[in-house]
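Me: I want to learn how to read charged pairs and helix faces. Can we work through an example?

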Amino acid sequence: MLEKSNLAENAVECLHNEQYDIPYNTQNFNHTNLLFTGGRDAESLSGDWRFTLDLHDTGLRQKWHLLEKRDPETRRDPYDYDPFAGESVAVPGCWQMMNEKWFYFEGSAWYTREIDYLEQDADERIFLRIGAANYDCKVFLNHQFIGNHYGGSTPFCAELTSVIQPGNNVLMICVNNTRTTDRLPLRNNDWFNYGGIYREIALYRTPQSYIRDLFVYLVPDGKYNRFAVKITVEGEAKEVNFTLAELGIAVTLPVINGVAEAELSAQPQIWSPECPKLYRVTASLGRDCVSDRVGFRQIEVVGTDIRLNGQSLYLRGVNCHEDDLLSGKMTSEADIRRRFKDAKELNCNYLRLAHYPHHEMAARIADEVGLLLWEEIPNYWAIDFKNPATQRDAHNQLMELIYRDRNRASVIIWSVGNENADTDERLDFMIMLVDAARKADPSRLVSAACLVNHAKMKIEDRLAEHLDIIGLNEYYGWYEENFDDLLVLGENSSPSKPVVITETGAEGVISDNAPTSGPFSENYMADVYRKQTEYLPKLNYVRGFTPWLLYDYRTERRQNPYQKGFNCKGLITADKITRKKAFYILRDFYLQLKNAGA
């Protein structure tokens, strides 16, 4: 605790060194070492973990990861934390939902758990995978720093092979959810800043040489008779095996510079929302074997039209946050299936998962039930576009999302941003992300939610020419009054690409003190939806509609007497049961579009 510092002869490291975080900010857990886990056995580490909040980052300053298990009755050294005693919490989970005193806490928190390790194979490698932890997650094993990860909504892996030992091991994880100006998102956003390890955490075993990634997709050439396979391996390998048994395909592919690639002929049944056909694919390298369930479909833009499998597609959608009254940002299969059931009750064929990567189960379930998805990273509002650290963070989050979900047929759009001002720095930043998305995945469209230039009444964003689809956030009837401006907007813009309205709506509150008319009343919200759906058929430049949003959700910035910490634009209240009047208006409108084949 009283480690000397080289700052001065009387300096103490834990008291006087404000650069304490630098040795623990390597960001070495990233998309380049993300392990493909489909078909692998997971050894869950979910359950009770020792836990403490750490407002002043005392744990990093005093190097709590070096603390050893001792008898408190006989130890003689002073200490500020005992990782082997004290309070415990359930993992996964958000600390805000565990203790009322922790609700608005932003900072570091420490998790500790002892794990027993028994070697199964002499050449095995051990990986820790965390589905998501918000935001900076540092991993320590047996008193050694292993590395850290930036990003609050994407998975990452840490190899533990060289540090884990037979028998008892001490795993410590420090998670920090502080909002800073160099991160995605930055300080100012419009959803609740939950903290903690809130998605699944598990160990995985592989042989010395293993399959790191498997990517399978229909070649987007309009012929529907070839699919591409890309298998990435780590370690020595001359060839890998690939199988799609249902179509009678079993091939051995050469590995060149760690990658095996091929285009294979086949006549698969095409995946669509009406018929979400999935095929099991497997890849093997020695005793390492991975698998996945994939669908084959083609999404493309032709002029101002969006086409799925060659057929014109109108996106009937709704936005959704990952938020729950009781569990916060932690979700479950039952919650996701309820979300999709409610969307289908609205007659939706797609959802925009805003404004960050949702749980990976969402895309897997969407594959099964036949819903299309727009997925995005939290490049939101006023990002520090000039900062190389921010650029690295954004690129890594995008790659982790794409590598995680690019086998999901339901995902048709990667979005690289939302409501960013059109500056030179932003344009360069966004073009970098667009190019990266297309390079990593040639089978999907790329978009971003843009703003209206109200001075010119025009869709005017220099990024638009680099996108496949122009996302348009408009709130006529709420932030803007004149609905006729929507018509003027189209006339002035004459977009040459399809436009999807990515946000619109109004807040309507159902409570004892809620107004019965005017803004924040349920009736006012219903009127906005009536007018939006009345004007929408006149907007021939629009190929999709995505109101904001399915459920009311928690956000610190909304604090008027009706909101009380919630954005109340949901078609369903935060209890995820109570439908507002606007729900039925949109449901009936989408049914008309569906029956008309729009």
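Me: Is Arg352 buried or exposed?

Reply: Arg352 is buried, at 0% relative accessibility. This is a predicted model. Side chains of opposite charge can pair when their charged atoms come close. Here Arg352 forms a salt bridge with Glu376, with 3.1 Å between the closest N and O atoms. Glu376 is buried too, at 1%.

Me: Which strands hold Glu376 and Arg352?

Reply: Glu376 sits in strand E25 and Arg352 in strand E24. They are 24 residues apart and link distant parts of the chain.

Me: What does a salt bridge within one helix look like here?

Reply: An α-helix has 3.6 residues a turn, so residues three or four places apart point the same way. Take Arg530 and Asp527: both lie in helix H8, three residues apart. Their side chains meet at 2.6 Å, N to O. Arg530 is partly exposed at 43%, and Asp527 is partly exposed at 38%.

Me: Which residues of H9 are buried?

Reply: The buried set is Ala582, Phe583, Ile585, Leu586, Phe589, Tyr590 and Leu593. Seen down the axis of H9, they fall within an arc of 165°, so they line one face of the helix. Gln592 and Asn595 are exposed on the other side.

Me: What does the buried face of H9 pack against?

Reply: Its buried residues pack against strands E23 and E32 and helices H3 and H8.

Me: How do I check the length of H9?

Reply: Use 1.5 Å a residue: the 16 residues of H9 should span 22 Å. The end C-alpha atoms are 23 Å apart, which agrees. Just after H9, Gly597 takes a positive phi of about 75°.

How values were computed. Residues are numbered from 1 along each chain as its sequence is written. This is a predicted model: local features need pLDDT of at least 70, side-chain atom pairs count only at pLDDT 80 or more; totals for chains, interfaces and linings use all residues. Side-chain values use heavy atoms; hydrogens and water are left out. Helices (H or I, at least four residues) and strands (E, at least two) are DSSP runs, numbered from the N terminus. The expected span of a helix is 1.5 Å times one less than its number of residues. Buried means under 20% relative accessible area, exposed over 50%, partly exposed in between (1.4 Å probe, protein chains only). The arc is that of the directions from the helix axis to the C-beta atoms. Contact means heavy atoms within 4.5 Å. A salt bridge is a side-chain nitrogen of Lys or Arg within 4 Å of a carboxyl oxygen of Asp or Glu.
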